[in-house]
Amino acid sequence: MTVRLYLDDPGLLRFDAQVVSARHHQGRPAAILDRTAFYPEGGGQPADRGRLGGVEVLDVQEVEGEVLHLLAADLAPGRVEGAVDAARRRDHLQQHHGQHLLSAAFEATAGARTTSFHLGAETCTIDLDAPAARLGPEALRAAEVRANDLVFRDLPVTAREYAPAELAALPLRKEAVKGSRVVVVGEPGAIVDASPCGGTHPRRTGAVGAIAVLGAGKWGSGTRVEFACGERVLRGLAEANRRLAEAAAPLRCSTAELPGVVAKLAEEAAARRKELERLLLTLADAQAERLAAANPAGPVRAVLSPPAAGAGAWAKAVALALASRGRLALLGAVEDGRAHLAFARPRGPGPHLGELVRGAAATLGGKGGGAPDAAQGSGPEPARLEAALEEAARALSR
Ligand SMILES: [Zn+2]
């Protein structure tokens, strides 16, 4: 059985060992050592990477109780020097221990228990058993403040096997799944967290650096909380600042002024949209007036030239304006290679325009439908628009 050096000394990153078995696992060279500082994936923490005797360690997995080092090339039997990727280990240690502190904080401040943990390459998440509605921004901040307080107090961390009698005296946050290894935060008599775990943890909480809660959302009947710890907080902050600066540059304001400037812009945009709609309705009404005058009797049939983007909406507005003048309208318009249809008539008895437009849209290779007095359609064959309108007019006179 391999001696797991990372359990007693998570700071040990260089070691020597004996290759006790070289084999292949899932098509890759793999080695088992008499002792290793490489952490195999488990408990939500990804595997270490690094080098063994100059050969790259691509993955480390626990298979049937053995620690299997998956390698980029075969490793000769004998003594070998091992080097664990220090930056990756530190990152995992910060995220994983930060998770312990954040889970303890959510339990203390919100009575929310952690049901699972995921340490990803970009983000980390914990799933809590409390509904998202109970964990609003204030609850998230309260847990974040408490978790960071545990970091800043630089409390001692003890990760070791505990005898059954000791175990019974610990305020365990969750049941031990396998083994009796527990990560305890705080001094005896002032323990702030005790959680069974086989992962790598620092000697003191200060090594986590900082814990940032990034967001939370509904997850089943509970809540998924996204967070980052240590150097990832710094990177995330730099990235957020870069995005803010990028957003502020075209607006010629400082990042502090962004919320006010953006709110004002959104308000102005909504007002302009409303104004544009009002102007288009006025224009559509004038267009309807001209068409009605030019076609004094029978249905008004025409292909329109829309004054702005939105051919379908324009045709519909003109058709409705004609209907309000007591006229039956069969209108078409083309935009971006697509033909649009808008049929309308005064309310009351009369032909079913929804059915009529379906047939006309089919002529355009498209679809349409609507109410008896107002209907729309469109299709990808604008060259057949005149023919489609003509067919509709003929169908009406039958
Ligand atoms: Zn853990």
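# Exercises: strands, cores and loops

Alanine 30 stands opposite leucine 70 in E7. The model you are looking at is predicted, and local features are reported where pLDDT is at least 70, side-chain atom pairs count only at pLDDT 80 or more, and totals for chains, interfaces and linings use all residues. Residues are numbered from 1 along each chain as its sequence is written.

**Exercise 1. Find out which two strands hold alanine 30 and leucine 70, and how they pair.**

Solution.
- Step 1: Strands (E, at least two residues) and helices (H or I, at least four) are DSSP runs, numbered from the N terminus.
- Step 2: Residues 28-33 form strand E3, and residues 66-71 form strand E7.
- Step 3: E3 and E7 are antiparallel and share two bridges; two strands count as paired if DSSP finds at least two bridges between them.
- Step 4: Now widen the view: six strands close into a barrel with antiparallel pairing, in the order E2-E3-E7-E6-E5-E8. From one strand to the next, the twist averages 45°, with axes fitted to C-alpha atoms (for helices over the stretch in contact) and angles running from 0 to 180 degrees between N-to-C directions.

**Exercise 2. Trace the open sheet and say which strands stand at its edges.**

Solution.
- Step 1: Follow the order E9-E10-E15-E14, a sheet of four strands with antiparallel pairing.
- Step 2: E9 (114-119) and E14 (211-219) each have a single partner strand, so one side of each has no neighbour in the sheet.
- Step 3: Direction ignored, neighbouring strands here are turned by 20° against each other on average.
- Step 4: Look at E10 (residues 124-128) beside E15 (residues 222-229): five bridges join this antiparallel pair. Isoleucine 126 faces valine 225 in E15 across the pairing, and aspartate 127 stands opposite arginine 224 in E15.
- Step 5: On the other side of E15, eight bridges join it to E14, again antiparallel. Lysine 218 stands opposite threonine 223. E14 and E15 make a hairpin with two residues between them, and glycine 220 in the turn has a positive phi of about 60°.

**Exercise 3. Is E15 largely enclosed by the rest of the structure, or left open?**

Solution.
- Step 1: Use the burial rule: a residue is buried if 20 or more other C-beta atoms (placed from the backbone) lie within 10 Å of its own, exposed if 12 or fewer, and partly exposed in between.
- Step 2: Six of the eight residues of E15 are buried, so the strand is largely enclosed.

**Exercise 4. Name the residues with the most contacts inside the largest nonpolar core.**

Solution.
- Step 1: Such a core is a set of buried Ala, Val, Leu, Ile, Met, Phe, Trp, Tyr and Cys residues joined through C-beta atoms within 7 Å.
- Step 2: The largest one has 38 residues, and the best connected are Leu101, Leu102, Ala105, Ala143, Ala147, Ile211 and Phe227.
- Step 3: Elements giving two or more residues include helix H2 (86-110), helix H3 (137-152), E14 and E15. The largest share, six residues, comes from H2.
- Step 4: Zoom in on alanine 147: leaving aside neighbours within four places in sequence, it is in contact (C-beta atoms within 7 Å) with Leu101, Leu102, Ala105 and Ile211.
- Step 5: Another core lies apart, with 36 residues, including Leu291 and Leu341.

As background, nonpolar side chains tend to be buried together in soluble globular proteins.

**Exercise 5. Place glutamine 26 and aspartate 154 in their loops, then classify how exposed each residue is.**

Solution.
- Step 1: Glutamine 26 lies in the loop between strand E2 (14-25) and E3, while aspartate 154 lies in the loop between H3 and E11.
- Step 2: Glutamine 26 counts as exposed, with 10 C-beta neighbours inside 10 Å. Aspartate 154 has 14 such neighbours inside 10 Å and counts as partly exposed.
- Step 3: Check the backbone: phi is near 50° for glutamine 26, a positive value in a residue other than glycine. Phi of aspartate 154 is near 50° and positive too. Most residues other than glycine have a negative phi.

**Exercise 6. Describe where glycine 54 lies.**

Solution.
- Step 1: Glycine 54 is in the loop between strand E5 (50-52) and strand E6 (55-63).
- Step 2: Glycine 54 is exposed, with 10 other C-beta atoms within 10 Å.
- Step 3: Compare glycine 54 with leucine 5: the two are 49 residues apart in sequence and 20 Å apart in space, C-alpha to C-alpha.

Note on methods:
Contact = placed C-beta atoms within 7 Å.
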